[in-house]
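Please consider the model shown below. The paragraphs that follow lead through several of its elements in turn.

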Amino acid sequence: MIEIVSASRCIECDICVRVCPANVFDPVRKQAPVIARQEDCQTCFMCEIYCPTDALYVAPCAEGPTGISEAEVEAAGFFGGYSRALGWNRGKPGGSENDPTQYIRTSPR
Amino acid sequence: MTTLRQSVQAQRRADRLDLVADVLVIGGGPAASWAALAATSEGARVVVVDKGYLGTSGATAPSNTGTWFVPPGAGREAEIERRQKLNGGLAIPRWVDRTLHRAWQGLHALAEWGYKFPNDDSGKPYLTNLRGPDYMAFMRRRVLRAGVAILDHHPALELLSESGVIAGAAGVDRQHNRPWRVRAGAVVLASGGCAFGERMLGATGLTGDGYLMAAEAGATLSGMEFSAQYACTPKNTSLSKGVPFAWASYYREDGTRVDTANQERFAPVAKALLEGPVWGRFDKGTPELNGWLRQGQPNCFLPHDRAGIDPFTQKFEVMLRCEGTVRGVGGIKLVADDCSTGVPGLYAAGDAASRERVTGAITGGGGPNSSWAIASGNWAGTAAARYAAREGGNMAERNVVAMGRAGLRPAKIARPDVRAAEAVQTVRDEFLPIDHNFYRNETTLRKSLEKFDHAWCDVRDHLAGSGTDAVKTREAAALVASSRWAFASGLARAESRGMQRRVDLPATDPQFVCAFETTGLDHIEVKRCAIADTVPA
């Protein structure tokens, strides 16, 4: 589930508020958005990759919050990890042309 | 002429949003996008409303999906024959062929429009795979550029009709708690399948809303018994993505290996899970393959990376997540090649529609469903635009009535103690367990149906929702209704075939090469029907 909106990284663009398909965020005037409906999060990681400043962290546990702290996420280097793996940059798509999945599909099982 | 987007802008501060369009598309995944593009290319003025955000909504966006990409010719005939042996004999080869054909065209169009496919070894775009986040971001831009008005976070709650003809839909802008209404000459339901409350990837919005709206309008559902698709998932995560698991071994608590050879992939895992915890390990691939898995399926490794586990050498606990009709089969029955539903003005596409004629009794997960979304989206969008041009007339002068009942307008007095969350919990408790749904039997089906019936009566009679609360109450009604159709069909199909695994009736019975169609809301009727081809348009 979504667990962290990093106020220090956030630029208050509210893109996450718009793109979250489960509508978990609420905008706050002149502040970072808040996680208003955490239980509605579907753990799809879409907000992470659309965030232009890698300010969001979704813990892979879909059943409930894990309580991980921003400091732990920062120290582990998890912010923006999925984005980088895809080749997305500053919240914009990229890297699909380098997807090696075709070799997976033709590998013997 | 005012564009639809200008109308939206002009009403920004109004108490309600009221639009008139030619075609209204309900949904925000690939089928909805293709339907919107197809309808605009027919000259229609199109509005798309989605519960979430077109680009991230649904099961495709967070995934990396194969496509069913089979060039015309002998190879295609062989593929149709190969699938026919697996799908329980329920698919119709002509429908498979036309789906493959339309998807083939659509995928080439995507490449032409500039979607960045990887190249294959011969330097040509590899069209057999679409990376979900990129694909759906691309489709959003394409749909916007076509002039479509996209209304994100505008869940549709009910259809509108004028004397039996579908004439639009109404719902709520859930970020501004403001009602909306779109009167339209035709409506395409591309609202996805039903995940029955499971926390599978991309499923929050997939609550069977389209089924409920269609059934209220008098449409028929088909193949709802094929709602028992499951995917292996690292325990408690959402990553119900099958690809790396093709190279997984499974282990019981005592370290013994679960034998998965020569069987339906997850059946032995399901059996083992009924006895105790199961661990997986991606230990069957080569280092080269493992590198491709990491690079090509990065989200599948988020749970492991974030837990500090190397899934190629270390075991991790797994579970099976139900994928319902999302990667199952059932949905709204299409009555003609053009994706019409038999209800005038109402069309269905993607996972909202039954895929029986294309996938038979087996999953369309991976390639078939994504190709189906392209094909059916195109057919439905085109047909809806033509219907609207022919029959739509002056929509602004139409007197429409709202068709929504359960979860919106209780039949009896509203009771605050009847809550959406409880109905959803009943669905989760009764529908998702392996020994209720992956493996079915008459006794548990009947017991669960009793609970669903009870929940339905409560919801129908007493559950009320207004404003944005109506989204949840309506979802609860749709989940309960979908569960009833699914298990009633599962009971009627007194055999095992494809993903319907009846432990009390394990044999496949030749007399059941047929469809089970469900109609009705209060009284559910399940009818056994021939799998009929439709008349070409």
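Contact here means that heavy atoms lie within 4.5 Å. The model is a predicted one, and this criterion underlies the description of a pair of helices in chain B. In α14(B), the residues Glu442(B), Leu445(B), Arg446(B), Ser448(B), Leu449(B), Phe452(B), Asp453(B), Ala455(B), Trp456(B) and Val459(B) meet a set of residues in α15(B). That set consists of Ala477(B), Val480(B), Ala481(B), Ser483(B), Arg484(B), Phe487(B), Ala488(B), Gly490(B) and Leu491(B).

The geometry of this pair can be stated as well. The axes of α14(B) and of α15(B), the latter comprising residues 469–492, come within 9 Å and cross at roughly 150°. Angles over 145 degrees count as roughly antiparallel, and α14(B) and α15(B) are therefore roughly antiparallel to each other. Their crossing is left-handed.

Helix α14 of chain B, residues 442–462, also holds Asp461(B). Is Asp461(B) buried or exposed? With a relative accessible area of 7%, Asp461(B) is buried, since buried means under 20%. When residues up to four places away in sequence are not counted, Asp461(B) touches Pro410(B), Ala411(B), Lys412(B) and Ile413(B).

Another helix of chain B, α8 (residues 287–296), has buried residues at Leu289(B), Asn290(B), Leu293(B) and Gly296(B). These residues lie on the same side of α8(B), because they cover an arc of only 145° around the axis. An α-helix has 3.6 residues a turn, so residues three or four places apart point the same way. On the other side of α8(B), Pro287(B) and Glu288(B) are exposed. What do the buried residues of α8(B) pack against? They pack against α5 (101–105) of chain A, together with β3 (64–66) and α9 (298–307) of chain B.

Chain B further contains an open sheet of 4 strands, in the order β10-β13-β12-β11 and with antiparallel pairing. The edges are formed by β10 (229–234) and β11 (249–252) of chain B; each has a single partner strand, so one side of each is left without a neighbour in the sheet. On average, neighbouring strands of this sheet are turned by 45° against each other, direction ignored.

The edge strand β11(B) can be followed to its partner. It is joined by 4 bridges to β12 (residues 278–281) of chain B, and the two strands run antiparallel. At the level of residues, Arg252(B) has Val278(B) in β12(B) as its bridge partner.

Technical notes
Residues are numbered from 1 along each chain as its sequence is written. Chains are lettered from A and ligands numbered from 1 in the order in which they are written. This is a predicted model: local features need pLDDT of at least 70, side-chain atom pairs count only at pLDDT 80 or more; totals for chains, interfaces and linings use all residues. Side-chain values use heavy atoms; hydrogens and water are left out. Buried means under 20% relative accessible area, exposed over 50%, partly exposed in between (1.4 Å probe, protein chains only). Two strands pair if DSSP finds at least two bridges between them. Axes are lines fitted to C-alpha atoms, for helices over the stretch in contact, and angles run from 0 to 180 degrees between N-to-C directions. The arc is that of the directions from the helix axis to the C-beta atoms. Angles under 35 degrees count as roughly parallel, over 145 as roughly antiparallel, 65 to 115 as roughly perpendicular and the rest as oblique. A crossing is left-handed if the near helix is turned anticlockwise from the far one by less than a right angle, and right-handed if clockwise.
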